[in-house]
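Good morning. Please have the sequence and the model open while I talk, and I will go through a few places in turn.

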Amino acid sequence: VSCSTHEDFRVDAGTLHLQGPYANTNAATCVSGQSCVLPSLLGHMLSAGDALWALDTCGVLLADSMFPITFTLQHSAALPMGGHMLQWENSLVVKVGSQYKLCWCAAGMACTTAEHFKVDAGELVLQGPSSTEQHRTCVSGRTCAIDGLQGQNLMQTDSFLVADTCGSSQILESISSAGRQISVSASGASVRWGVVPSTLAGGHYKLCWCSGREAQLPTNSSVSHPAESGPCQLAENHHMPVGSLVIRGPSPLKQHRTCISGQPCKIDGIAGELLSAGDAVMVLDTCA
């Protein structure tokens, strides 16, 4: 008996159910630094024990990915004809902005490494900076402006904050207003901190990003950030690191010295970040 073509298979022996997500039906958009909800993952015979990760490539954890985006099941519902809908959430996604694959692993199987998540369940667009290594430099005592910040779907309503730690409620007094004069073009985002010079001590700081899209603000946030309004009015909503901001200038700021009237005055050992032989010091009652 020949069994070489589909025409040779005439006897209906039963039904094969292929458990898994439906193809080309699942997509979501989230914002880095905010809660990420996937409202519906559709598929056949999905169950509450299934697992979902977001990866650059399903089944592979790239060396520069550091960690996958993992999701927790929030709700499941049965649909007609054996279909199921699962709702997933990640309470705080802090990962670079990009387009990721939603990768599925079935309940009852080993679902502990990227190799177990081989099934492409859809796409996740994560909005935010595309790298955490976008380092820039400003000069203490001057206005600060940076250009060419790259990211996924950056907007002019976004906010960039200079801080010691991203996601902290502590605000650096001498550069307390977030960078909100933002323009976005094909070459990236340009950020301005207004016309008031920054007087931060020289050193290395974190440049932190917050999306200007509407989001639910935490009710227990204690420190208001002096931005205009929206989700970025709080310093602690700037979760996503963009890179480091090096401030060129003296550090610490209060380096006191003593001279004697009528005698030559020599000041030595002024410490700081990226100081050079061409810098100058002037003695004034109040620094301009």
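Lys101 is partly exposed, because its relative accessible area is 27%, and that falls between the 20% limit for buried and the 50% limit for exposed. Keep in mind that this is a predicted model. What does the side chain of Lys101 meet in a salt bridge? One partner is Asp120, at 3.5 Å from N to O. This pair links distant parts of the chain, with Lys101 in strand S8 and Asp120 in strand S9, 19 residues apart. Another partner is Glu123, and here too the N to O distance is 3.5 Å. Glu123 sits in strand S9, 22 residues from Lys101 in strand S8. Both acidic residues are partly exposed: Asp120 has a relative accessible area of 41%, and Glu123 is at 38%. Taken together, Lys101, Asp120 and Glu123 are linked in a network of salt bridges. As background, side chains of opposite charge can pair when their charged atoms come close.

How many salt bridges does the structure hold? The count is four. One more that I want to show joins Asp147 and Arg192, at 3.3 Å from N to O. Asp147 lies in strand S11 and Arg192 in strand S15, 45 residues apart, so to speak of distant parts of the chain is fair. Asp147 is partly exposed at 42% relative accessible area, and Arg192 is also partly exposed, at 33%.

That brings us to the sheet around those strands. Three strands form an open sheet, in the order S11-S15-S14, with antiparallel pairing. Which strands stand at the edges? They are S11, residues 145–149, and S14, residues 181–185. Each has a single partner strand, so one side of each is left without a neighbour in the sheet. On average, neighbouring strands of this sheet are turned by 15° against each other, if direction is ignored. S11 and S15, which covers residues 188–192, run antiparallel and are joined by three bridges. If you want a position to look for, Ile146 stands opposite Val191 in S15. In general, strands of a sheet pair through backbone hydrogen bonds, either parallel or antiparallel.

Next is strand S4, residues 51–55. Is it enclosed or open? Five of its five residues are buried, so the strand is largely enclosed by the rest of the structure. Both faces are covered: on one side Ala51, Trp53 and Leu55 are buried, and on the other Leu52 and Ala54 are buried. S4 pairs in the antiparallel sense with strand S8, residues 98–105, over five bridges. In that pairing, Trp53 stands opposite Cys103. S4 also pairs in the antiparallel sense with strand S5, residues 69–70, over two bridges. There, Ala54 stands opposite Ile69.

Stay with Trp53 for a moment. A search of the whole structure finds one aromatic pair. The pair is formed by Trp53 and Phe117, and it is stacked, with 4.3 Å centre to centre and 15° between the planes. Trp53 is in strand S4, while Phe117 is in the loop between S8 and strand S9, and the two are 64 residues apart. Both Trp53 and Phe117 are buried.

Two single residues remain. Asn26 is found in the loop between strand S1 and strand S2. Its relative accessible area is 5%, and therefore Asn26 counts as buried. Which backbone oxygen does the side chain of Asn26 reach? The oxygen is that of Ala121, at 2.9 Å. Leaving aside neighbours within four places in sequence, Asn26 is in contact with several residues, including Ser40, Leu42, Gly122 and Glu123. We met Glu123 already, in the salt bridge with Lys101.

The other residue is Leu73, in strand S6, which spans residues 72–78. Leu73 counts as partly exposed, at 24% relative accessibility. Not counting residues up to four places away in sequence, Leu73 touches Ala48, Leu86, Gln87 and Trp88. How far is Leu73 from Glu89 in space? The two are 6.5 Å apart, C-alpha to C-alpha, and 16 residues apart in sequence.

That is the end of my list.

How values were computed. Residues are numbered from 1 along each chain as its sequence is written. This is a predicted model: local features need pLDDT of at least 70, side-chain atom pairs count only at pLDDT 80 or more; totals for chains, interfaces and linings use all residues. Side-chain values use heavy atoms; hydrogens and water are left out. Two strands pair if DSSP finds at least two bridges between them. Helices (H or I, at least four residues) and strands (E, at least two) are DSSP runs, numbered from the N terminus. Axes are lines fitted to C-alpha atoms, for helices over the stretch in contact, and angles run from 0 to 180 degrees between N-to-C directions. Buried means under 20% relative accessible area, exposed over 50%, partly exposed in between (1.4 Å probe, protein chains only). A polar contact is a pair of N or O atoms within 3.5 Å; within protein, one must be able to donate a hydrogen and the other to accept it, and residues adjacent in sequence count only if both atoms are side-chain atoms. Contact means heavy atoms within 4.5 Å. Rings of Phe, Tyr and Trp (its six-membered ring) pair if their centres lie within 6.5 Å; planes under 30 degrees apart count as stacked, over 60 as edge-to-face and the rest as tilted.
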